[in-house]
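Trainee: I should like to learn how the contacts between a protein and DNA are read from a model. May we work through an example?

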Amino acid sequence: MQDLLRAKVVAEPGPASPATVAGLDVAYSADDDRLAAAVVVLDAADLTVRDTAVVRGKPAFRYVPGLFAFREVPALLDALDRLTVRPEVLVCDGHGLAHPRRFGLAAHLGVLTDLPSFGVGKTRLVGSWDPVGEPRGSRSALVDDGEPVGAVLRTQDRVKPVFVSVGHRIDLDTACALTLRLSPRYRLPETTRAADRVCRDLLS
DNA sequence: GCGACAG
DNA sequence: ATCTTGTCGC
């Protein structure tokens with residue numbers, strides 16, 4: 001299915017200055033099999049919240065590296081359906097093309113919604129990279145099987161870098177620039193932090 | 001056969 | 001993803 005959907009990924013420059021950006025995340029119950037999926041739309045100019053949608057659900061699939069999207073996509077699509085503000089970009093918690101078949105969660109959500117999307121991951125799934133400079137904004141190419149699949153990007157001085165990769169209808173430079181703009185103070189973009197907070201709250 | 005392995 | 005315990009820095 002990933003090999004088929006991958007053909008629908010569109011490579012284009014993408015919005016350099018979107019008015020709205022959405023963060024998506026899922027939280028899981030410790031004792032239950034319940035989950036909560038959240039989408040938070042922020043004003044890209046001042047990072048204030050423009051819209052929020054959260055849904056409760058069950059994991060659609062067990063966690064398998066490389067098949068992660070099948071677990072979270074159904075709940076995230078439910079949440080996206082409940083938005084009243086249509087975001088211009090999706091910032092996903094996971095990888096886009098930095099995936100064994102070049103079709104991670106961010107690419108999957110981008111294709112299904114046809115919205116520009118990219119992934120910001122906390123750890124690597126595939127690829128290797130040279131050491132990243134210590135200053136915020138430094139980056140190193142993430143390479144897998146000789147192909148550039150993303151960037152390892154430092155969002156704060158001397159803080160562990162994040163993994164940025166393209167999903168759909170956006171390019172890597174634009175995705176990295178947006179990630180930095182969305183991360184003025186912490187390692188992770190405010191989009192991800194806002195969504196994480198919201199779905200964690202609904203769960204507890 | 002032994003590691004690696006988004007969240 | 002979630003849990004635990006402690007440590008560091010503002």
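Trainee: Which residues surround DNA strand B most closely?

Mentor: A residue is near a strand if one of its heavy atoms lies within 4 Å of it. In this predicted model, 15 residues surround DNA strand B, and the closest are Y63, L105, K122, T123 and R124. Residues are numbered from 1 along each chain as its sequence is written, and chains are lettered from A and ligands numbered from 1 in the order in which they are written. Local features need pLDDT of at least 70, side-chain atom pairs count only at pLDDT 80 or more, totals for chains, interfaces and linings use all residues, and side-chain values use heavy atoms, with hydrogens and water left out.

Trainee: Which atoms of the protein lie by base nitrogens of DNA strand B?

Mentor: A polar contact is a pair of N or O atoms within 3.5 Å. Polar backbone atoms of G66 and F68 are each 3.2 Å from a base nitrogen of DNA strand B. For H99, an N or O atom in the side chain is 3.4 Å from a base nitrogen of that strand. Sugar or phosphate makes up 54% of the atoms of DNA strand B within 4 Å of the protein, and bases supply the rest.

Trainee: What surrounds DNA strand C?

Mentor: A27, Y28, A30, D93 and K122 surround DNA strand C. Of the atoms of this strand within 4 Å of the protein, sugar and phosphate account for 100%. A backbone N or O atom of Y28 lies 3.3 Å from a phosphate oxygen of DNA strand C, and a polar side-chain atom of K122 lies 3.2 Å from a phosphate oxygen of DNA strand C.

Terms used. Polar contact = N/O pair within 3.5 Å; in protein donor to acceptor, adjacent residues only side chain to side chain.
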